[in-house]
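Trainee: I would like to go through this model term by term. Please show it first, and then I will ask what justifies each word.

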Amino acid sequence: MTLMRAATDNRVPGIDGDCGGNCACATCHVYVDAAWSDRAGVRTASEREMLNMVPELKDNSRLACQVTLDDNLNGMVVALPESQH
Amino acid sequence: MKPAITAVNTPESTTQIAAARARVAALDLSQLNPADPQGFVDDTVGYVFERLRHEDPVHRSHSPVPGIDSYWSITRYQDIMQVDTRPDIYSSESGITLMDFPPGDDQQLKMFIAMDPPKHDEQRRAVNPIVAPANLKNWHDLIRERTCRVLDTLPRNETFDWVDKVSIELTTYMLATLFDFPLDDRRLLTYWSDISTANKLTNPDAPEPEVRMAELRKMLSYFTRLWNERVNVAPRSDLVSMLAHGPATRNMGPLEYMGNLVLLIVGGNDTTRNSMTGGLLALDNNPQEMAKLRANPTLIESMVSEIIRWQTPLAYMRRTALADTELGGKQIGKDDKLAMWYLSGNRDESAIAEPDRFIIDRAKPRQHLSFGFGIHRCVGNRLAELQLKILWEEILRRFEVIEVMGEPIRVRSSFVRGFSKLPVRIRC
Ligand code: HEM
Ligand code: FES
């Protein structure tokens, strides 16, 4: 289960997931809270490429479809960029 | 038995569909050439794709047209996704349509849709904010006002051409709005859009390269005037002002400025226009969906995505292999051309449930291929959706019945999938 899937399954507004998690649309852009960033892992190569294109890139930007949820991430806090509000 | 692609009140009866399918089924696989524009004029290319998806999803196709020659047809959703997300293997630098430009024609404009990283990324980042959702709010009211103005002047109880009076008129109006371009000159935008995509190989009537370049220089000088007017006053929300003031774009050279302008004009022109026509036709062909919409106008948003899937205004994008590679069990050679047939991927039952039906409230309506995927995914996708959403909101508010009065005339192109005429009547 990815963070994107968890969000879209629960109809969280602002995460559209147009590409179904193929890391190919960047509509699942999130900012991972500093306390969680290590546990959320690092960006993949294709993720870096897609993030290149987003309007409000920050150091803690991730694509939610590339973040796999497990027990370690229980309670993780993420924020949405302005453009996805 | 599959459901018929078109519904009850279209001229295509079930027997004609069966006949078209049988015609395609009788051909040898090697003869299947979906880039033949005839299949778009008579809207039968869907049967070619249906067969390819099942029998030869990555298909070596041959076109008798010089300049197209041999190319690979990629027809399944997942294979298209695979190609679109690997710009390191499948390049855009050699162009995005199958037709190569005539040898010696170096007049092709350089636009980032036909570039690879890193150049693509730099240029795209510069124009990206222009259509970012936060900026769309600025245009919301203007788009609505102009949509209302166009709809309010339409004839009642008489037959007129929806393409000319609504789709072209609104698209050009909206482009003029985005550029804050003098409204009286707005059809110049359509003209420049047509000129910039003209290619002598496909269209013998296209202007000579010198003539074409001269016209584009006129466009550049027009837009340079607008730039100069705006660069010295406070930033505003139109595209020209944004380009003139944006840190990444304010030092662009003239050719780069022209490339970006043309890309935005062309990108927003045929595509949105044909979604406006295609949507009306789809609803007319599917009265039960029209009834659903009237009963529940909050379906407009998901309907807009479904219209864009259904229409697929750009039937494919081309890529060129940078190295020998393998795709779907086929050996792709370096320099081979590939067409990612979005139109076929959008009808792939392994990715989309009941793909041959137009369903305005389907699950996951946004997961279609019409905007492409990966680093070239359409910059203007939210803007296009906004325009269509406002159009349908205002149509529902005004008109009870819009009847399609005759056959649509389809554009002779395997790239732009669209209409040149659709006779309709507003009854009231
Ligand atoms: C329904 C309407 C539209 C459709 C179906 C559409 C479709 C597409 C497609 C298929 C691509 C290429 C994607 C790829 O190669 O993966 C694209 C790119 C692009 N579109 Fe659109 N488009 C539409 C509206 C617009 C509008 C309104 C604008 C301008 C405001 C626009 C501007 C662009 C630009 C600039 C690119 C190049 C992106 C890049 O190469 O990074 N499009 N569009
Ligand atoms: S869902 Fe498309 S990039 Fe994450």
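**Labels and cut-offs**

Mentor: Start with a pair: the side chains of Arg382(B) and Asp16(A) form a salt bridge, with N and O 3.0 Å apart. Arg382(B) sits in helix H16 of chain B and Asp16(A) in the loop between helix H1 (3–9) and strand S1 (29–32) of chain A, so the pair crosses between chains. Helices (H or I, at least four residues) and strands (E, at least two) are DSSP runs numbered from the N terminus. Residues are numbered from 1 along each chain as its sequence is written, with chains lettered from A and ligands numbered from 1 in the order in which they are written. The model is predicted: local features need pLDDT of at least 70 and side-chain atom pairs pLDDT 80 or more, while totals for chains, interfaces and linings use all residues, and side-chain values use heavy atoms, without hydrogens and water.

Trainee: Why is the pair Arg382(B) and Asp16(A) called a salt bridge?

Mentor: The term needs a side-chain nitrogen of Lys or Arg within 4 Å of a carboxyl oxygen of Asp or Glu. Arg382(B) and Asp16(A) have N and O at 3.0 Å, so the pair qualifies. By this rule the count is 42 over all chains.

Trainee: What makes Arg382(B) and Asp16(A) buried, partly exposed or exposed?

Mentor: Relative accessible area decides: buried is under 20%, exposed is over 50%, and partly exposed is in between (1.4 Å probe, protein chains only). Arg382(B) has 23% and Asp16(A) has 30%, so both are partly exposed.

Trainee: How do you know that Arg398(B) and Asp152(B) form a salt bridge?

Mentor: Their N and O atoms are 2.6 Å apart, so the rule is met. Arg398(B) is in helix H16 and Asp152(B) in helix H6 (residues 133–152) of chain B, so the pair ties together parts 246 residues apart in sequence.

Trainee: What is the result for Asp335(B) and Lys334(B)?

Mentor: Their closest N and O atoms are 3.8 Å apart, so this is a salt bridge as well. Asp335(B), at 54%, is exposed, whereas Lys334(B), at 49%, is partly exposed. Elsewhere, salt bridges that share partners join Arg144(B), Asp152(B), Lys389(B), Glu393(B), Glu394(B), Arg397(B) and Arg398(B) into one network.

Trainee: Is Glu393(B) buried or exposed?

Mentor: Its relative accessible area is 18%, so Glu393(B) is buried. It lies in helix H16 of chain B. Leaving aside neighbours within four places in sequence, Glu393(B) is in contact (heavy atoms within 4.5 Å) with Arg144(B) and Ile300(B).

Trainee: What makes helix H3 (residues 45–55) of chain B mostly covered?

Mentor: Of its 11 residues, 8 are buried, including Tyr47(B), Phe49(B) and Leu52(B). The buried residues of H3(B) pack against several elements of chain B, among them helix H1 (14–25), strand S1 (58–62) and strand S8 (337–341).

Trainee: Why is the meeting of His59(B) and Asp56(B) called a polar contact?

Mentor: A polar contact is a pair of N or O atoms within 3.5 Å; within protein, one must be able to donate a hydrogen and the other to accept it, and residues adjacent in sequence count only if both atoms are side-chain atoms. The side chains of His59(B) and Asp56(B) give 2.7 Å, so the label holds. His59(B) is in strand S1 of chain B and is buried at 2%. Its contacts beyond four places in sequence include Leu52(B) and Trp72(B).

Trainee: What makes Cys378(B) a donor to the iron atom of ligand 1?

Mentor: Donors are N, O and S atoms within 2.8 Å of the metal (3.2 Å for Na, K and Ca); water is not among the atoms, so sites may look incomplete. The SG of Cys378(B) is at 2.3 Å, and Cys378(B) is the only protein donor of the iron atom. Cys378(B) is in the loop between helix H15 (342–345) and helix H16 (381–398) of chain B.

Trainee: How many residues surround ligand 1?

Mentor: There are 28, and His120(B) and His376(B) are among the closest; a residue is near when one of its heavy atoms lies within 4 Å. Side-chain N or O atoms of Arg124(B) and Arg319(B) each lie 2.8 Å from an oxygen atom of ligand 1.
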